[in-house]
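Good morning, everyone. I would like to walk you slowly through one structure today, so please have the sequence and the picture open while I talk.

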Amino acid sequence: MRCRICGHETGNDTDLCQDCVERASDHKELSRRRFLGWGAVTVGGLVGIGYLGAALRLLYPSSSGSAKLQDIGPVSNFPVGNYVLTSYTGDGYDDGVYVMNQGGGKFIALDFHCTHLQCPVQWFQSLEKFMCPCHGSQYNKLGEHIAGPAPRGLFHHEIAVQNGHVMLGGQIS
Ligand code: FES
């Protein structure tokens with residue numbers, strides 16, 4: 001039988017010769033490698049852009065807070081003395097923010113990115129501290145750095161109460 005691609009004798013009853021089968025599988029492998037290569041470049045680029053944005057915010061936090069305060073719900077959604085993880089989507093970015101009702105109308109809002117390499121920190125109520133799963137930095141209840149490689153405490157976000165609702169703004173320090 002003749003090969004349907006190159007026209008040479010296949011030497012058996014299939015319509016593809018051995019050479020064309022090998023060329024086809026080489027081509028497929030090359031395409032797969034190119035696809036994976038570009039996929040890795042694309043994913044790497046997106047992750048890099050994300051980290052660059054986070055790093056720039058770390059280096060240049062808004063000094064006066066955001067002009068746009070975002071309503072994150074009524075005061076009753078925030079029990080006194082415990083942190084609630086919320087998110088801030090103003091200023092063109094989406095940031096996880098821990099918000100705690102300190103009682104007496106006072107609130108504190110802490111950015112959830114570790115100040116070492118930006119991993120998200122976790123709040124442990126029983127220990128009354130934030131811990132970073134990446135390299136072990138720790139922060140106390142007020143976000144002050146107490147252990148690990150982080151160079152400073154967690155960044156604060158602007159926060160206010162207006163008409164019974166908690167209003168969250170951008171990073172301020
Ligand atoms: S990113 Fe948190 S300790 Fe390194």
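**Starting from one alanine**

Let me begin with Ala109, which, leaving aside residues up to four places away in sequence, touches Val97, Val99, His156, His157, Ile159 and Leu168. Before we go on, please keep in mind that this is a predicted model.

Where does this alanine belong in the wider picture? Ala109 is among the residues with the most contacts inside the largest nonpolar core, a set of 21 residues, and it shares that role with Val97, Tyr98, Val99, Val121 and Leu168. Strands β2, β3, β4 and β10 each supply at least two residues of this core, and β3 gives the most, with four residues.

Let me now step back to the chain, which has one helix and ten strands, and in which the order from the N terminus on is α-β-β-β-β-β-β-β-β-β-β. Buried residues make up 21% of its 173 residues.

**The strands around β3**

How is β3 paired with its partners? On one hand, β3, residues 95-103, pairs with β2, residues 83-88, in the antiparallel sense over six bridges, and there you can find Val84 standing opposite Val99. On the other hand, β3 pairs with β4, residues 106-111, again in the antiparallel sense and over six bridges, with Leu110 of β4 as the bridge partner of Tyr98. The hairpin of β3 and β4 has two residues between the strands, and within this hairpin Gly104 takes a positive phi near 65°.

**The strands around β10**

Is strand β10 largely enclosed or largely open? Strand β10, residues 165-171, has five of its seven residues buried, and therefore it is largely enclosed by the rest of the structure. One of its partners is β1, residues 70-74, which pairs with β10 in the antiparallel sense over three bridges, and in this pairing Asp71 stands opposite Met167. Another partner is β9, residues 157-162, which runs antiparallel to β10 and is joined to it by five bridges; here His157, which we met as a contact of Ala109, stands opposite Gln171. The hairpin of β9 and β10 also has two residues between the strands, and in it Asn163 takes a positive phi near 50°.

To finish, let me return to contacts across the chain: among those between residues at least 6 apart in sequence, 39% join residues at least 24 apart. The contact of Ala109 with Leu168, from our starting point, is one you can look up yourselves in the picture.

Definitions and conventions: Residues are numbered from 1 along each chain as its sequence is written. This is a predicted model: local features need pLDDT of at least 70, side-chain atom pairs count only at pLDDT 80 or more; totals for chains, interfaces and linings use all residues. Two strands pair if DSSP finds at least two bridges between them. A residue is buried if 20 or more other C-beta atoms lie within 10 Å of its own, exposed if 12 or fewer, and partly exposed in between; C-beta atoms are placed from the backbone. Two residues are in contact if their C-beta atoms, placed from the backbone, lie within 7 Å. A nonpolar core is a set of buried Ala, Val, Leu, Ile, Met, Phe, Trp, Tyr and Cys residues joined through C-beta atoms within 7 Å.
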